[in-house]
Amino acid sequence: MTTWAQIHLQDSASPIMEQLIYFHDHALMIILMILTVVTYMMILLIMNKLINRFMLEGQMIEVAWTIAPAIILVFIALPSLRLLYLMDEINNPAVTLKTIGHQWYWSYEYSDFLKVEFDSYMIPQNELMSEDFRLLDVDNRAALPMNTFIRIIITAADVLHSWTVPSLGVKADATPGRLNQTSFLINRPGLFYGQCSEICGANHSFMPIVIESISINKFIDWISSISE
């Protein structure tokens, strides 16, 4: 999860988020290179006193500064498009979780099992335990098995919401009357926090998401205990 004064991205917990971080760093290096070259040229122009009264055009430099940005854009576009297609892939999911956004809480349904559904509300400040996080912890966490392809089906019951868990690289709109679908694989155990990322009314800030990543055996035990 995010810590105080953190300026970089959260540690990844899925292969897609890893790739997103790599792409972010790749784009940042290209921006740094452009900034360095432009700054160097501006300082050079300001500092030198050279003049040429007879230079009216420079076709070579105009060709260069037209082609160079096009090549740079290709180096950004190719990995970006690859990532977009990877994020859209649904790889034979083992577990399907249906998420329904309400004002102002989330409902979860495990579609592969009978009668496994529950609501997830933020824990009020006066009920927090010493180890809980204010505005982030919930009364019912959504448990999911790690190292397993998960499909998330997202919708809303009232207004637009957005189901977002940064460390998993997942952000999908919850739209009333429409099912949106995305998938991910959690590659380590832990608690992963998110929040609604679409302004949805007065208590928009108070509908957090908590995903608990556990082993497959523990997940089967948990599902069995709920569905009894």
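**Entry 1: conventions.** I take helices (H or I, at least four residues) and strands (E, at least two) as DSSP runs, numbered from the N terminus. The model is predicted, and I keep local features only at pLDDT of at least 70 and side-chain atom pairs only at pLDDT 80 or more, whereas totals for chains, interfaces and linings use all residues. Residues are numbered from 1 along each chain as its sequence is written, and side-chain values rest on heavy atoms, with hydrogens and water left out.

**Entry 2: annotated spans.** I looked up the UniProt features, whose positions are given in the numbering used here, with shortened names, and which may be inferred rather than shown by experiment. The unreviewed entry lists "transmembrane region" at residues 27-51 and 63-85. In the model, residues 27-51 are 84% helix and 0% strand, with end C-alpha atoms 36 Å apart, while residues 63-85 are 100% helix and 0% strand, with their end C-alpha atoms 33 Å apart. The same record places "domain: Cytochrome oxidase subunit II transmembrane region profile" at residues 1-91, a stretch that I find to be 69% helix and 0% strand. For "domain: Cytochrome oxidase subunit II copper A binding" UniProt gives residues 92-225, and there the chain is 7% helix and 45% strand.

**Entry 3: the helix pair.** How do helix 1 and helix 2 pack? Their axes, which are lines fitted to C-alpha atoms over the stretch in contact, lie 11 Å apart at an angle of about 170°, where angles run from 0 to 180 degrees between N-to-C directions. Helix 1 is therefore roughly antiparallel to helix 2, the class for angles over 145 degrees (under 35 is roughly parallel, 65 to 115 roughly perpendicular and the rest oblique). Taking contact as heavy atoms within 4.5 Å, I find Phe-23, His-26 and Ile-30 among the residues of helix 1 that meet helix 2, where Phe-75, Arg-82 and Leu-86 are among the partners. By class, this contact has 13 nonpolar, three polar and one charged residues; Ala, Val, Leu, Ile, Met, Phe, Trp, Tyr, Cys and Pro count as nonpolar, Asp, Glu, Lys and Arg as charged, and the others, Gly among them, as polar.

**Entry 4: Gln-10.** Is Gln-10, in the segment before helix 1 (15-47), buried or exposed? Gln-10 counts as buried because its relative accessibility is 10%, given cut-offs of under 20% for buried and over 50% for exposed, with partly exposed in between (1.4 Å probe, protein chains only). Not counting residues up to four places away in sequence, Gln-10 touches Met-1, Thr-2, Met-17, Ile-21, Pro-166 and Ser-167.

**Entry 5: the sheet.** I next followed an open sheet of five strands, in the order 4-10-9-6-7 with mixed pairing, where two strands pair if DSSP finds at least two bridges between them. Strand 4 (142-145) and strand 7 each have a single partner strand, so one side of each is left without a neighbour in the sheet. At one edge, strand 4 pairs with strand 10 (residues 208-214) in the parallel sense over four bridges, including Pro-145 with Ile-214. Helix 3 (residues 216-227) lies across strand 4 and strand 10, at about 140° to strand 4. Strand 6 (residues 161-165) and strand 7 run antiparallel and are joined by five bridges; in their hairpin, four residues lie between the strands and Gly-169 takes a positive phi near 70°. Along strand 7 (residues 170-174), Val-170, Ala-172 and Ala-174 point to one face and are buried, whereas Lys-171 and Asp-173 point to the other and are not.
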